[in-house]
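Hi everyone, thanks for making time this morning. Let me put the structure up on the screen, and then I'll walk you through a few places in it.

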Amino acid sequence: METNPLTANTKEVDSTILEEFRVGFAGSIFSSDDTEYESERQLWNKMIDKHPGLIAQCTGVHDVIQAVNFARKNGLLVAVRGGGHNVAGNAMNDGGLVIDLSHMRTVLVDPKNKTAVIQGGATWADVDRETQAFDLVCPGGVVSETGVGGLTLGGGLSWLRRKVGMSIDNIVGANMVLADGKYIHVSESENQDLFWAIKGGGGNFGIVTSFEFKLYDLGPEVMFVSCMYPRDVGEKVMKWWVQYTRQLPDEITSDCIHWSVPAHPAFPEEMHGTPVTVLAALYFGSAEEGQKVLQPFREVAEPFLDLSNIYPYGAVQQMFDPFLEKGVLNSYWKSLYVDDLSESLQKLILDRANQSPAPQSLISIRNLHGAIGKVPTEDTAFGDRSARFLVSIDTMWEDASQNDHNIQWTRDFFKELRQHSKGQVYFNFNSDMSGSDHLAKDSFGANYEKLVAIKTKFDPHNFFRLNANIRPKG
Ligand SMILES: Cc1cc2nc3c(=O)[nH]c(=O)nc-3n(C[C@H](O)[C@H](O)[C@H](O)COP(=O)(O)OP(=O)(O)OC[C@H]3O[C@@H](n4cnc5c(N)ncnc54)[C@H](O)[C@@H]3O)c2cc1C
């Protein structure tokens, strides 16, 4: 039986079929009758409150295949959960089946060949721990609890991005379970169309049970700049950064972040909530050399607080974790690529930062180009790589009664920002993912039609639809 659309509720599944699924499944299966259900359905974004029919916590490929077949045969809406950090909450659904990979976190490093095989539910903390045992790194995210799966399939912007590209630029191969339950390997020489599609095309094509990544020598210590300037010199700092990043070597990756000092014991209480403009940068190379070349980032004005230092690479990767913990903040994010930051755009960003409705919010600007821009657009599913900056409005707040206000504020700002860009978005930083084709078109640009053809071939019924969805033809 093949049902479409996938709207059936798990409660409608015949109890014998449900029992068979439970018996053959090696991991745990949670329903609302289980005490674990409440904690298992919680995602990183506190605002997401979905009630799936079943959460199938897989232990390996066998479980994933079984869950996919069970959902397909019973017409169930499927969500795939990796690290659970997607702000749109695509890792959960209402009434359907969640295929949860969060217990598939093994990372096997091959130090000789400088590669790692990483299971689809691993977090970047798992990866950093295992790779740094050999002074190796894999380009991932900047918050260590973020999942490898979702982050990589959407692109993957790390502190290493200008030197070695995005996460997708470093995938050597992957193992996947497709919508029809088939298990396949994708690489440069096998299933090339799917290999191309997963490099930026999101969770549209199947469940990646493991990735193989290229690794690089770096660490154990690196120079990292985290220099907080008072917001009243924010204009000067941002202007300097925009100019300075024009001529930087690829070894330097940096961000300019408008934020407020977090109300966290790591900072003296009198500093909490002070608006700041942060310059953050990592040098890909020796820590001593990094100290020299990153010094200008620390001398733009009198810093409010300078946390720059030589740190273990693993510590840099966890530096922002305490302020972005799972389930603490309501979050609504939007992002846009911009070719440049004109003075009028800088002014707009700063004005909006100064009017931000919630102190936990960030407006973070990532410097791109370097290795990212050297990969031709058509080489991966990821859209246009020509933009010099990514501007991300990461609105975050505690009080749920402020949800509507904060969402509207973000949307209004996004609309203004859009006038300064070609409209291309990074869907990994996007809370509006349901329903429309806009997101896919704005994300994939010239690659969109090719992605539609691959989606139509491998997932004609749109079984994997809770993502930056590419609708199959027909
Ligand atoms: C605090 C925080 C920090 C972040 N930092 C960065 C950053 O530094 N760089 C960056 O690029 N992004 C960053 N992101 C964005 C991040 O890339 C996305 O949120 C991404 O979706 C997270 O992946 P996940 O596996 O944790 O998400 P989940 O919510 O578990 O999954 C999101 C979607 O990805 C797909 N998916 C996940 N795993 C698999 C799999 N194995 N196979 C098939 N499909 C899968 C599914 O469609 C799923 O719905 C950050 C997000 C947060 C909340």
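I'll go through the ligand surroundings, a sheet, a helix, and then some individual residues. Please keep in mind that this is a predicted model.

Let's start with the ligand. How many residues surround the ligand? There are 36 of them. The closest ones are Gly83, Gly147, Gly149, Gly150 and Gly203. If you sort the shell around the ligand by residue type, you get 16 nonpolar residues, 19 polar and 1 charged. Three elements give two or more residues to that shell: E3, helix H5, which covers 148-154, and strand E10, covering 207-214. Which element gives the largest share of the shell? That is H5, with 5 residues.

Since E3 came up there, let's look at the sheet it belongs to. Four strands make an open sheet, and going across you meet E1, E2, E4 and E3, with mixed pairing. Strand E1, residues 28-30, and strand E3, residues 78-81, are at the edges; each has a single partner strand, so one side of each has no neighbour in the sheet. On average, neighbouring strands here are turned by 20 degrees against each other, if you ignore direction.

At the E1 edge, the partner is strand E2, residues 54-57; the two run antiparallel and are joined by 3 bridges. If you want a landmark for that pairing, find Ile29, which stands opposite Ala56 in E2. Helix H3, residues 61-73, packs on this sheet and touches E2, E3 and strand E4, which spans 97-100. The direction of H3 makes about 165 degrees with that of E4.

Now for another helix, H4, which runs over residues 124-132. Its buried residues are Trp124, Ala125, Asp126, Val127, Asp128 and Thr131. What do these buried residues pack against? The list is E5, E6, strand E7 at 136-137, helix H10 at 313-318, and also H5, the helix we just met in the shell around the ligand.

Next, some backbone geometry, which I suspect this group will enjoy. As background, most residues other than glycine have a negative phi, and most peptide bonds are trans. Lys114 is not a glycine, yet its phi is positive, at about 55 degrees. You'll find Lys114 in the loop between strand E5 (107-110) and strand E6 (115-119). Is Lys114 buried, exposed or partly exposed? It counts as partly exposed, because it has 16 C-beta neighbours inside 10 Å.

Asn462 also has a positive phi of about 55 degrees without being a glycine. Asn462 sits in the segment after helix H14, which covers 448-458. With 17 C-beta neighbours inside 10 Å, Asn462 counts as partly exposed.

The peptide bond to look at runs from Gly219 to Pro220: this one is cis, with omega near 5 degrees. Pro220 belongs to the loop between strand E11 (216-217) and strand E12 (221-230).

Last stop: Asp394, in strand E19, residues 389-397. Why does Asp394 count as buried? Because 22 other C-beta atoms lie within 10 Å, and the cut-off for buried is 20 or more. Setting aside neighbours within four places in sequence, Asp394 is in contact with Trp333, Ser361, Leu362 and Ser364. Pro296 is 98 residues apart from Asp394 along the chain, and their C-alpha atoms are separated by 27 Å.

That's my tour, so thanks for listening, and I'm happy to rotate the view for anyone who'd like another look.

Methods
Residues are numbered from 1 along each chain as its sequence is written. This is a predicted model: local features need pLDDT of at least 70, side-chain atom pairs count only at pLDDT 80 or more; totals for chains, interfaces and linings use all residues. A residue is buried if 20 or more other C-beta atoms lie within 10 Å of its own, exposed if 12 or fewer, and partly exposed in between; C-beta atoms are placed from the backbone. Two residues are in contact if their C-beta atoms, placed from the backbone, lie within 7 Å. Two strands pair if DSSP finds at least two bridges between them. Axes are lines fitted to C-alpha atoms, for helices over the stretch in contact, and angles run from 0 to 180 degrees between N-to-C directions. A residue is near a molecule or strand if its C-beta atom, placed from the backbone, lies within 6 Å of it. Ala, Val, Leu, Ile, Met, Phe, Trp, Tyr, Cys and Pro count as nonpolar, Asp, Glu, Lys and Arg as charged, and the others, Gly among them, as polar.
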